[in-house]
Amino acid sequence: MDRHNRTRTSEWQALRQHAKKNAKLHLSDLFAADPERGRRFSVTAEGIHLDYSKHPVTSETMELLFRLARACGLESEIDRMFGAEKINETENRPVLHWALRDFSGKAVRVDGADVSPAIRQVRERMTAAAEKIRSSRWLSPGGRPLTHIVNLGIGGSDLGPQMACQALRFYSRRDLHFYFVSNLDPTHLAETLRPLSPENTLFVIASKTFTTQETMANAAGARSWLLEHSVPQAALSGHFAAATANPQAALAFGVAPENIFEFWEWVGGRYSLASAVGLPVMMAIGPERFTEMLRGYWNMDNHFRSSPWQTNLPVLLALLGIWQVNFHDAHTHAVFPYDQYLRRFPAFLQQLEMESNGKCVDRAGRATRYSTGPVLWGEPGTNGQHAFFQMLHQGTQAVPCDFIGFCRSLNPYKDHHEQMLANMFAQSRALAFGRSRAGLAGEGIPETLLPFREFPGNRPSNTILAEELTPEVLGKLIALYEHKVFVQGVLWNIFSFDQWGVELGKSLAKKILPRLAGNAETAPDEDSSTRELITYCRCRRRQ
């Protein structure tokens, strides 16, 4: 296998020739040729149903994709991850988010030490903390129950728990209120705190390093807010908890030791929801439901590790994505959950996929010669249908889509849910088959309008269905996409578990900040654009 240039391999070339040969094949042709296509290109596993029949693939396509996966060593890479090898090579770390939800009872060793007891211990402490909040026994120093929980984090320390609290709102305690502050813009913190009272507010600071600029700035702002509202300095620790891999820094900030919940360097932020970062979620839905979510993760982990690729949901999703990105030039991928509870799921997946696989060098540090991670975006259905589906149906770019839905609503009302499912199925059908001028001919439409009413179709999509949105199903969905991302990283020969691209902007911001404040002169390497922008802002602020 050519580790540098995947495109030179016989497996890649075979797929390229196959794509060229079938370039003019329309999904309408595939369905016409096979009346059972909808059944044959669907898989149900772990309570999740995946219909990928609306992708321009045949049995031959899938076999060629499986061959590529074998040639890329996918099986051994899966074993390496679940074997706790240090596959995050640029940071010399194992990738053990799966260990956070492992119920096998087996040891998971990092540098010779079993980390499983520490995982269980932290979860037990989280359980005690969550029960304390839920039973109104976690009191402020003034003696009032803490009922308003403000999570201070960014990236995975914000998107994960925020998404899950929203997704599982149906199961949450309604007398507890959860807020999420991430942006460095002081407006985010100010508007969140404006209606709150310090007497019943708990801040959860979620930061692996406890040095994250945005999070620590907001934590300092929260502390100032408490002091401004007459909370004594000695009582501040009663209003803070922390999820971090740096407990000493949390102690130095003033968090009481019993309120510090540790996670570890081998947990990436975007994979950290099952760790102490999920504390607000456990507080919201309770330890039992939180454990159900973890078991959903675990069930999908086991499915991914043990199922044949032909019925392996993460592998299938990943290979279909490879087919679209690398052989059909798809530059974006859209995710549409047809459930309002999942409205933050696309944003969560944006970080998961784009921070993981938005890479342009391979594992040897050389430039890739092929496309890697696409731009991921999305909104809940049916809202998106009235916003941007026009482009999906008649625009110049074909955008692969994932439609996610549930057979039952958690809030049934008349036939609203059936209407929504009908819309979801109709959209994927319209994308796939479109509408030809010949099909419009009998509708009495003036010929001059026919070009505007025509839909090309042949737009690919997956449909993912589960019975209803439960904590267990949410865990399965998250793990499904986590493993999809991992598989694609293996096939693209990139490191999916680092994010060095985030660092450059941070380091440059530290140099610019003193200039904006007027405490430093122009740096020798400062470009003229940055210099003029700084000058403009400083002048306007003085005025």
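**Exercise 1.** Work out how much space lies in the largest pocket of this predicted model, and which residues sit closest to its centre.

*Solution.* Start with the volume: the largest pocket holds about 990 Å³ of space. Next, look at who lines it. There are 39 lining residues, and Thr209, Thr212, Gln499, Glu503 and Lys506 are the closest to the centre. Then sort the lining by class: 17 residues are polar, twelve nonpolar and ten charged.

**Exercise 2.** Find which helix gives the most to the lining of the largest pocket.

*Solution.* First list the helices that each supply at least two lining residues: helix 7 (156-167), helix 9 (213-228), helix 14 (345-357) and helix 20. Now pick the top contributor: helix 20, with four residues.

**Exercise 3.** Check the length of helix 20 against its expected span, then look at its bend and at what follows the helix.

*Solution.* Helix 20 covers residues 503-517, so count 15 residues. Take 1.5 Å a residue, using one less than the number of residues, and you should get a span of 21 Å. The end C-alpha atoms of helix 20 are 22 Å apart, which agrees. On to the bend: helix 20 turns by about 30 degrees at Lys511, with Pro514 following within four residues. Finally, step past the end of the helix, where Gly518 follows with a positive phi, near 80 degrees.

**Exercise 4.** Describe the second largest pocket by volume and lining.

*Solution.* Its volume is about 340 Å³. Of its 19 lining residues, Gln324, His328, Ala398, Asn458 and Pro460 are the closest to the centre. By class, this lining has nine polar, eight nonpolar and two charged residues.

Methods:
Residues are numbered from 1 along each chain as its sequence is written. This is a predicted model: local features need pLDDT of at least 70, side-chain atom pairs count only at pLDDT 80 or more; totals for chains, interfaces and linings use all residues. Side-chain values use heavy atoms; hydrogens and water are left out. The bend at a residue is the angle between axes fitted to the seven residues ending there and the seven starting there. On a 1 Å grid over the protein atoms alone, a cavity is a set of points where a 1.4 Å probe fits but cannot get out, and a pocket is an open set with protein on both sides within 12 Å along at least five of seven lines; lining residues have an atom within 4 Å of a point. Grid points are joined across faces, edges and corners, and a volume is the space filled by probe spheres set on the points. Ala, Val, Leu, Ile, Met, Phe, Trp, Tyr, Cys and Pro count as nonpolar, Asp, Glu, Lys and Arg as charged, and the others, Gly among them, as polar.
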